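The following exercises concern the geometry and solvent exposure of a single chain. Each task is followed by a worked solution.

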Amino acid sequence: MIVIGLVLIAAGIYGITLLTPEVVTFLIGLIELAIVIVGLGLLVVGAIMAKE
């Protein structure tokens with residue numbers, strides 16, 4: 001199991017180094033999506049609190 005895990009980690013790191021710009025773009029997109037979702041949640045909570 002440890003050997004298989006190490007092989008998978010090595011393959012993953014090798015793949016990331018080949019596709020670095022795409023991986024970085026994908027991660028930045030995920031972070032921006034999370035920020036938008038948090039912002040919408042705060043907006044909804046603020047609207048509910050303003051009603052009361």
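**Exercise 1.** Identify which residues make the nonpolar surface patch, and classify Leu-27 within its helix.

*Solution.* Step 1: Phe-26, Leu-27, Leu-30, Leu-33 and Ile-37 make a nonpolar surface patch of about 510 Å². Patch members have over 30% relative accessible area and no salt bridge (a side-chain nitrogen of Lys or Arg within 4 Å of a carboxyl oxygen of Asp or Glu); nonpolar side chains (Val, Leu, Ile, Met, Phe, Trp, Tyr) are joined within 5 Å, and like charges within 9 Å. Areas follow the Shrake-Rupley method with a 1.4 Å probe, and for residues only the protein chains shown count as cover.
Step 2: Leu-27 belongs to helix α2 (residues 20-51), where helices are DSSP runs of H or I with at least four residues, strands are runs of E with at least two, and numbering starts from the N terminus.
Step 3: With a relative accessible area of 46%, Leu-27 is partly exposed, that is, between buried (under 20%) and exposed (over 50%).

The model is predicted: local features need pLDDT of at least 70, side-chain atom pairs count only at pLDDT 80 or more, and totals for chains, interfaces and linings use all residues. Residues are numbered from 1 along each chain as its sequence is written, and side-chain values use heavy atoms, leaving out hydrogens and water.

**Exercise 2.** Compare the span of helix α1 with its expected value, and determine how many of its residues are buried.

*Solution.* Step 1: The expected span is 1.5 Å times one less than the number of residues. For the 17 residues of helix α1 (residues 2-18) this gives 24 Å, in agreement with end C-alpha atoms 24 Å apart.
Step 2: The count of buried residues in α1 is zero. Ala-10, located in α1, is partly exposed at 45%.

**Exercise 3.** Assess whether the chain is spread out or a compact globule.

*Solution.* Step 1: The chain has two helices and zero strands. Its radius of gyration is 19 Å, well over the 10 Å that the globule rule gives for 52 residues, so the chain is more spread out than a compact globule. The radius is taken over C-alpha atoms, and the rule is 2.2 Å times the number of residues to the power 0.38.
Step 2: The C-alpha atoms fill a box of roughly 60 × 30 × 5 Å along the principal axes.
Step 3: Of the 52 residues, 0% count as buried.

Notes:
Buried < 20%, exposed > 50% of the residue type's maximum accessible area, 1.4 Å probe, protein only.
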